[in-house]
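Reader: I would like a close look at the cysteines in this model. Please go through the bonding first, then the cysteines left over.

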Amino acid sequence: MSYTEDRRFFYKQLPEFWADMYGQEYALYNPCKISEDVPKAIKNLGEKAGRILFKTASLLQSESIEDDTLKLLGFPESILPFLRYQTPLAKTVIGRIDSIETPFGHKIMEFNSDTPTFIYECFKVNGLLSKHFGCSDPNEGMEEQLKQAVRSAILTAYRQLKTSHAPHIVFTAHDENTEDKQTVLYLKELSGFPSQFVPLDELVIKKNVGLFDQQGKKIDVLYRQTFPIELLIQDKDSETNEEIGLQLTQLVIQNKLAIVNPPSAFLLQSKAVLAVIWGLHEEQSPFFTKEEHEWIKHYFLPTYLEPDIFLNNKEKFVQKPVFGREGDTVRVFDENGSLIAKDQHNTYENYVSIYQKHVPLPKMKFESQQGVQEGHRMTGTFLINGKPSAFGYRIGNAITDNLSYFLPACLKK
């Protein structure tokens, strides 16, 4: 059979999976063969970067950091009490580091800590494809780690509410978005708890009272894996113009609703946190140990809130909105500060930007329905409760966007 027929035969066994998106191929069929050194290097990245990121989140949530500092990082004043709200959960339950594999090790581009997708591909599909091709899955055993983390997060979040009744657990996503909905349903199934899926637009907020499902039952734990807080806080009632998104964050602060991921995950979502980390490193702040400074130097890229250093040093750099996804509103500038590449979308134009040293993604050839192509490969590494877990590849344009392919990976025999 041809590549296209083989691929169709395999993916038809996964009717819930979005193997095609936007009317074209998304999930590739032939896995990339990697050595055992690759997952080892990725595990090192996850362990060390996770420590740095979680430690920085604790600093930014502390009383020693003024509101003006958080506003400089792109957070609106209305969300600051929510950002500072502490929960017993990990800083983020499910987060994903996006990195560039270089000859000198991985370099972190960003941390999708609040609402990362790419979960089903890495924790489920990659293993099925590896088995199909008779090779070992580099993510073997990680689905169980994910399952335990989801279960633990829900129980911990519920216990903080200090109620005695059986918890009403709701998983939510946009009903019309296949990727979002199926990702959430996968986590719902993994949890094993009695729970409901309720589409986002059917949730009902009663100010200072609670969040309710379609039947009017009060929700205790809301699992919102794919709905970003930066969009939530812009949500207004179409009839009353009430800021219902902010009302939901108030319910969390009032301990009338528990959410997963927790508020700290949104704090880490801002790419400006990378500028904070790099700034503390450049000044050799005692906040980080000598060993941690070495980790930052090795894994993090120079990142600032202004482009001046790159312009003065005539270095290539990337401009990114502090909130943004799938390459949207990303621009690349050359050594003279001239724009040389940009994503076609400008959805996040109004957000504060960060400026990061440009490091190119590695190129490789791969097979698709369009034949053999060459693309730029990005590595996505999941942190589960701060610990390294499954990883996967996206391959496509120089700026990874929503049209980039999922490239499966398996270990060389």
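Author: A disulfide joins C135 to C410, with an S to S distance of 2.4 Å. This is a predicted model, and the structure holds one disulfide. The cut-off for such a pair is sulfur atoms within 2.5 Å. The torsion about the S-S bond of C135 and C410 is about -100°, so the disulfide is left-handed.

The pair links distant parts of the chain. C135 sits in the loop between α5 (119-132) and α6. C410 belongs to strand β21, residues 409-411. The two cysteines are 275 residues apart. Both C135 and C410 are buried.

Now the other cysteines. C32 has its closest cysteine sulfur in C410, at 8.1 Å. That is too far for a bond. C32 is buried, with a relative accessible area of 13%. For C122, the closest cysteine sulfur is in C32, at 13 Å. Again, the distance is too far for a bond. C122 is buried too, and its relative accessible area is 0%.

One more feature involves α6, the helix that follows the loop of C135. The structure holds three cavities of 30 Å³ or more, and about 80 Å³ of space lies in the largest. Its lining has 15 residues, with Y85, T87, Q160, A258 and I259 nearest the centre. Helix α6 (142-161) and strand β11 (258-260) each give two or more residues to that lining. The largest share, four residues, comes from α6. By class, the lining of the largest cavity has 11 nonpolar, four polar and no charged residues.

How values were computed: Residues are numbered from 1 along each chain as its sequence is written. This is a predicted model: local features need pLDDT of at least 70, side-chain atom pairs count only at pLDDT 80 or more; totals for chains, interfaces and linings use all residues. Side-chain values use heavy atoms; hydrogens and water are left out. On a 1 Å grid over the protein atoms alone, a cavity is a set of points where a 1.4 Å probe fits but cannot get out, and a pocket is an open set with protein on both sides within 12 Å along at least five of seven lines; lining residues have an atom within 4 Å of a point. Grid points are joined across faces, edges and corners, and a volume is the space filled by probe spheres set on the points. Ala, Val, Leu, Ile, Met, Phe, Trp, Tyr, Cys and Pro count as nonpolar, Asp, Glu, Lys and Arg as charged, and the others, Gly among them, as polar. Buried means under 20% relative accessible area, exposed over 50%, partly exposed in between (1.4 Å probe, protein chains only).
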